[in-house]
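Here's a quick tour of a predicted model, kept to strands, a helix pair and one glycine. Have the structure open as you read.

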Amino acid sequence: MFIKSKGQILSPYLITKFPSHPELKNDLIALIEETKSAKPLTVAVNTVSKCDYDWSKDIERPYFKKLVPSLGKHLTDVYKHLGFGNCNIKNLWFQRYINNDIHDWHVHGDCQWTAVYYLELPKEESLRTQVIQPFDQKSKIDMPVEEGDILIFPSHALHRGPRNKTSKRKIIISFNMDGITLDGQYPEDYKTN
Ligand SMILES: [Fe+2]
């Protein structure tokens, strides 16, 4: 047997309420609907009717400009609860799911953390993001999210946006991040002399 040892390094996920959601929701949806630089995602079993992932590093998009000032402030607070001083958003995109749309199991690369902001989320539990525990690749977490929440989890964890079997629209804004460490955040006992 070539494996000498296997253990767990636990990593958190966080669901937070985005305080700016009520004031931003309608404007963001309108800007997303007007976005021309978007196209359907159609890879393998995935079908998402409108998505701008190919433009995810474009910081001139109107909805990006609208969202990022308050999102950045919120994330500065949130990352303290993940053990970091702050974060660096590496790219950001939207996905609009209508009936039968799905983004099946996948992971995100070139980042430590990924996030989903539920801009428009009907009440049906079947529309919630599902994440698989990386340690055993079996246990599934149905994330207890609501509209206006932001879910953050390690980007190597398999996850999916389940097939939308409803006639309702779901819109998410997803983004990838790296954590930023700050001097003094380490436990006292482990400081280098
Ligand atoms: Fe994803």
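## β11 and its two partners

Strand β4 (residues 86-97) pairs with β11 in the antiparallel sense, and eleven bridges hold that pairing. To find your place in it, look for Q95, whose bridge partner in β11 is I172.

β6 (residues 113-120) also pairs with β11, again antiparallel, this time over seven bridges. Here E120 is a handy marker, with I171 as its bridge partner in β11. As for β11 itself (residues 170-180), eight of its eleven residues are buried, so the strand is largely enclosed by the rest of the structure.

## A four-stranded open sheet

Next up is an open sheet of four strands, which pair antiparallel in the order β5-β10-β7-β8. Which strands stand at the edges? They are β5 (103-106) and β8, and each has a single partner strand, so one side of each is left without a neighbour in the sheet. From one strand to the next, the twist averages 15°.

At the β8 end, the partner is β7 (residues 130-132), running antiparallel to β8 and joined to it by three bridges. One pair to pick out is Q130 with D142, its bridge partner in β8.

## The glycine after β8

Follow the chain out of β8 (140-142) and you get to the loop that leads to β9 (149-154), which is where G148 sits. Is G148 buried, exposed or something in between? It has 19 C-beta neighbours inside 10 Å, and because being buried takes 20 or more, G148 counts as partly exposed.

Setting aside neighbours within four places in sequence, G148 is in contact with K17, F18, H21 and Y118. Y117 is worth a look too: its C-alpha lies 6.9 Å from that of G148, although the two are 31 residues apart along the chain.

## Two helices side by side

H21, one of the contacts of G148, is also where helix α1 (residues 21-34) begins. α1 packs against helix α2 (residues 62-80) at an angle of about 155°, with the axes 8 Å apart. That angle is over 145, so α1 is roughly antiparallel to α2. The crossing of α1 past α2 is left-handed.

Who makes the contact? From α1 come L24, D27, L28, L31 and I32, and from α2 come P62, Y63, K66, L67 and S70. Sorted by class, the contact has seven nonpolar residues, one polar and two charged.

Notes
Residues are numbered from 1 along each chain as its sequence is written. This is a predicted model: local features need pLDDT of at least 70, side-chain atom pairs count only at pLDDT 80 or more; totals for chains, interfaces and linings use all residues. A residue is buried if 20 or more other C-beta atoms lie within 10 Å of its own, exposed if 12 or fewer, and partly exposed in between; C-beta atoms are placed from the backbone. Two residues are in contact if their C-beta atoms, placed from the backbone, lie within 7 Å. Two strands pair if DSSP finds at least two bridges between them. Axes are lines fitted to C-alpha atoms, for helices over the stretch in contact, and angles run from 0 to 180 degrees between N-to-C directions. Angles under 35 degrees count as roughly parallel, over 145 as roughly antiparallel, 65 to 115 as roughly perpendicular and the rest as oblique. A crossing is left-handed if the near helix is turned anticlockwise from the far one by less than a right angle, and right-handed if clockwise. Ala, Val, Leu, Ile, Met, Phe, Trp, Tyr, Cys and Pro count as nonpolar, Asp, Glu, Lys and Arg as charged, and the others, Gly among them, as polar.
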